[in-house]
Amino acid sequence: MFFRILSFLILLFMAGCSTQPATTLCCGAYTMAYDKETGNARIYYNDSLLFDELHAEYRIDNVIISSLSYTSRKTEIRPATDKKDDFVFEIKHTAKGLPDMLQRFYFSSSNPYILTEIELHSDTAISSNYMAPVVTCTSSEDADKMLFIPFDNDKWIQFDLLPAGNGTSYEVTALFSPDTRSGKVVGSVEHDCWKSAVQTEKLDQKRLLLKCFGGITSSLTRDTLPHGMLTGNILQSPKILLGGFSDWRRGMEMFAQANRQERPGPTWQKEIPFGWNSWGSIQQKINLENATEVSDFFKKELQATTLKETPIYIGLDSYWDNFSDEELAQFVAHCQKNGQEAGIYWAPFVDWARNPRRIVEGSDTPYADTYLYAHGQPQELDGAWAVDPTHPAIKKRMDFYINRFKKAGFSYIKTDFLTHGALEADSHADSTVTTGIQAYNAGMRYLTELLGDDFYITMAISPLFPANYAHSRRIACDAFASIADTEYTLNGLSFGWWLGHCYAFNDPDHLVLQKNGESEGENRARITSGVITGILMSGDDVSKKGSALTKERVKRFFANRQIIALARKRLSFYPVYGYLPSEERRAESIFTSSDQDSVYVAVFNFDKEPQTIKLPIADLELPTGEKFRFDELWRQESGLIPNDTLSFHLPGKDAAIFKIIR
């Protein structure tokens, strides 16, 4: 068994309560030593010190209070669940004039990480907007890179790698060495009330101070107000994951799975969705005529070949309100006649008109009553004013639109500009809601309950977490046809591929092939970026007015049987190396994944000039000294891999996909 529980742990369970000044716990690869006198903990991973001087802190009345400030501590070990090897180590901190603090560490035989949280108890109501279950020192010698995770995917923000120390990442980070891949992962797996962050500060050449806490706001959370206060006799922090991993990439996947375990999202039992979205090219010119022509193109040119028996969604994006209700119903019926499903678009938490006198649809309430105000002023983001997800009129507005979509027969919805609903505000209509994420959860919960199981839900501009309200989420912001668009999308995959373990799929955005005369190589790269990321949605104008070249490219590239077959495998491709090769390049260029029979490698050349790629199979974690054969799926080239190195020529602005088998 991977996890082990030492004999002294059984004695501690029998005792029920520790009276010794120090407690040592072992579970699998982890050992935790807790000093009852100082209140500090040490966590070891495979006998190496992972986190030192670990304690907790919180803020009340603008005063930071540390768990080290408490004068009395009692410890207890008890079973966490009905699983015999799962247990909780709890420390009760007490001191005169301070709320009691319960500090918990969760150990599990089935999880290669530790979870921790704090809880405050007081006889009178207390308020806090900062709770940090993890304040610790950690070594920077074996982990010189810090992964930057953005709070959302708005304004073309990108993932990044920072020097370890003096950085802030949202919700989670990995500290790792690209050379060895070993690293540590720290992040929040609970997103009911808090916007969380991980901050590091360099203490000296060898050590970092690391804090993981709930209560972050900044320009990158799109906020102008501090984080909202939680108030009550009991306050709960976010639950934080702490883990050491020989491969940080597996650690990030474990973090994603922990989030899904904490708050399961919708599953998808059908084949991977394929289809089309109008924002790729037609945009504001969408109408019943060209939308039905697109449906006919897919029926005639693609469903008869590679997309046969595949769920096809023809999606109307923004400007779908060019249609009357009768035309919406006609469009849906036309899609269904062609063996397709119809998709729609909506942004539930914004007022694009920015007209306070206008009446909220489905209600008799003016929009002025529903805005999320900051310092008494409506909050504008991306040109729209944010509305309160908890307001009864906004719920009626959701009823109005979702019932309209259902009546027309839609079964796919792209939700957008969701970050607006998570903004901190002066107040909310629901007085029990005091933070932006609480309001966001309330709004998304109501929306998804309305949609039910009848809709495939994808999220465009949205917070990274919580991740339990959609089948897929856009891995980046808008991307179109150029190699720069492909690289931008792949920045998201390079350092956010693991989100495919939170959601059923990642969403690489519409795959546009022709916008400014892009080459076939750029087309290959864009399609490849979609195949290795998640769902495939074409975005080109394939209506009758669309160019012959565009339609020829779409037919050819979406009709490659081996490429579409690979997409159907629903594999999660991840970076081979996991570092930024230069200041100019913001994405990994080599990705890999595998199934029972084969290893797949996708390679991109973002530059104009051709490159000769030399990829040692050892970097793919394949054994050396054995014979492997490769098939290149775009060009139908095959051969043996000589000298344990896959070597090939890749033209500028192009991509290749290799299938490697013994």
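The buried residues of helix 8 (buried meaning under 20% relative accessible area, with a 1.4 Å probe and protein chains only) are G521, E522, N523, R524, A525, R526, I527, T528, S529, G530 and V531. Helix 8 is thus named by its position from the N terminus among DSSP runs, where helices are H or I runs of at least four residues and strands are E runs of at least two. The model is predicted, with local features requiring pLDDT of at least 70 and side-chain atom pairs counting only at pLDDT 80 or more, whereas totals for chains, interfaces and linings use all residues. Residues are numbered from 1 along each chain as its sequence is written, and side-chain values use heavy atoms, with hydrogens and water left out.

Eleven of the twelve residues of helix 8 are buried, leaving the helix mostly covered. Its buried residues pack against helix 7 (483-496), helix 9 (548-557), helix 10 (561-568), strand 33 (536-538), strand 36 and strand 41, contact being defined as heavy atoms within 4.5 Å. The end C-alpha atoms of helix 8 are 16 Å apart, in agreement with the 16 Å that twelve residues should span at 1.5 Å a residue; the expected span is 1.5 Å times one less than the number of residues. Helix 8 (residues 520-531) lies across strand 36 (599-605) and strand 41 (654-661), at about 55 degrees to strand 41. Such angles run from 0 to 180 degrees between N-to-C directions, with axes fitted to C-alpha atoms, for helices over the stretch in contact.

Strands 36 and 41 belong to an open sheet of six strands with antiparallel pairing, in the order 34-35-36-41-38-39; two strands pair if DSSP finds at least two bridges between them. At the edges, strand 34 (574-575) and strand 39 (637-640) each pair on one side only. Strand 38 (residues 629-632) is joined to the antiparallel strand 39 by four bridges, and F630 has G639 as its bridge partner in strand 39.

The largest nonpolar core, a set of buried Ala, Val, Leu, Ile, Met, Phe, Trp, Tyr and Cys residues joined through side-chain atoms within 4.5 Å, contains 171 residues. Helix 5 (residues 392-408) supplies the largest share of this core, seven residues. F298, L316, F331, F405, F410 and W498 have the most contacts inside the core. Beyond its neighbours within four places in sequence, F331 is in contact with residues including L288, I314, L316, F323 and F410. Another core, of 20 residues, lies apart and includes V601, L622, L646 and F648.

Technical notes:
Buried means under 20% relative accessible area, exposed over 50%, partly exposed in between (1.4 Å probe, protein chains only).
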